[in-house]
Every structure is written in C-alpha cells, then in structure tokens.
Amino acid sequence: PRVGGYEQPQAWQPQGGAIPRTHSLKMPGEGGVHSPFEDPGAPPAGTPMEPDKQSPPWKVLRTHNGNLPVYLKVKFGGAEAFTQVRHVFGDIEHMRKALAMVCEAPVRVRSGVFEVRGLHEWKIKEWLTALGM
C-alpha cells in the first residue's frame, strides 16, 4: 500500500480520430468565410425571387448537404449526354412540361428521375433557385 492511496482509474478518452463534418450545417454567410460562388448579400436558399408569384404544384427537395439534385450523366464515351433531376414530388406531368419549356429539349420521366437530353445542369439549377427550391 502507498501512503495516501492509489490514483483512481481514469475513464478512456479518445485521442484524435475522425472529425464530424459540420460545415454543411452552417447557414450561408455565417462565420465570414465564403466560397467564391456565394454572394454574402443574397437571400438564403429556398427564398423565391418573386415572392408574390404562385408556387408550382411540385417540389424539388435539396440533398442532405444543401445542393440541388441536378446531375450530368454521360454515356457511350461521351456520345450521349443528359441531365438528371431527382427528388421531385408533386405534379410530375406539370414539372415535365415546365422543364421541357425551360431547357427546350425532350424530357423523359423515369422512376423518380427526370432525364433531359443535353447539358442543361446550370440552366436547371438557376431556374429552380429562381423558383425558391
């Protein structure tokens, strides 16, 4: 026995390791660090550019990290390219007609996915942002 007793055992504490990615939880403009494409004076995502205009009968949900689910797909070594829009809920036929008007290209409806022939990723993202999606 030691004079004064022994040290109590300490609970195990992790040393280093994985750091959770919490940067996607911050609102745009928080912290003073901005990406080069982010306008600090812009309204937050989900605010329509024309608030008095009636919203469409469909909704495009954003991904878990806040991006719009618009993707570019290339097939056959670049011979065929099309743009996919996912996470659409509501009136599918109304969305298909509106998307065809915006992109001026044929739109195919697959299970839960819209396929627009051609490279229209930027155009569709700008259109959905203007609608407040």
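These legends accompany several close-up views of a predicted model.

The model is predicted, with local features needing pLDDT of at least 70 and side-chain atom pairs counting only at pLDDT 80 or more, while totals for chains, interfaces and linings use all residues. Residues are numbered from 1 along each chain as its sequence is written, and side-chain values use heavy atoms, with hydrogens and water left out.

**View 1. Four strands form an open sheet.**
Let us start with the sheet. The strand order is β2-β3-β6-β5, and the pairing is antiparallel. Strands (E, at least two residues) and helices (H or I, at least four) are DSSP runs, numbered from the N terminus; two strands pair if DSSP finds at least two bridges between them. At the edges are β2 and β5 (107-110), each of which pairs on one side only. From one strand to the next, the twist averages 30°. Axes here are lines fitted to C-alpha atoms, for helices over the stretch in contact, and angles run from 0 to 180 degrees between N-to-C directions.

**View 2. Strand β3 pairs with β2 and with β6.**
Look for six bridges between β2 and β3, and four between β3 and β6; both pairs are antiparallel. On the β2 side, V70 stands opposite V85 of β3. On the β6 side, F82 faces R117, and T83 has V116 as its bridge partner. The hairpin of β2 and β3 has four residues between the strands, and F76 takes a positive phi near 55° there.

**View 3. Helix α2 turns one face inward, with I124, W127 and L128 buried.**
This helix spans residues 121-131. Buried means under 20% relative accessible area, exposed means over 50%, and partly exposed lies in between (1.4 Å probe, protein chains only). The buried residues of α2 fall within an arc of 95° seen down its axis, so they line one face of the helix; the arc is that of the directions from the helix axis to the C-beta atoms. A handy rule: an α-helix has 3.6 residues a turn, so residues three or four places apart point the same way. The cover over these buried residues includes β1 (58-60), β2 (70-75), β3 (80-85), α1 (92-103) and β6 (113-117). Just after the helix, G132 takes a positive phi of about 90°.

**View 4. The largest nonpolar core has 18 residues.**
A nonpolar core is a set of buried Ala, Val, Leu, Ile, Met, Phe, Trp, Tyr and Cys residues joined through side-chain atoms within 4.5 Å. V85, M95, L99, I124 and L128 touch the most other members. Two or more residues come from each of β1, α1, β6 and α2, and α1 gives the most, with four. Leaving aside neighbours within four places in sequence, V85 is in contact (heavy atoms within 4.5 Å) with several residues, including M95, L99 and I124.

**View 5. Q84 and T63 each make a polar contact through the side chain.**
A polar contact is a pair of N or O atoms within 3.5 Å; within protein, one must be able to donate a hydrogen and the other to accept it, and residues adjacent in sequence count only if both atoms are side-chain atoms. Q84 lies in β3 and is buried, with a relative accessible area of 8%. The Q84 side chain meets that of R86 at 2.9 Å. T63, in the loop between β1 and β2, is buried too, at 17%. A distance of 2.7 Å separates the T63 and N65 side chains in their polar contact.
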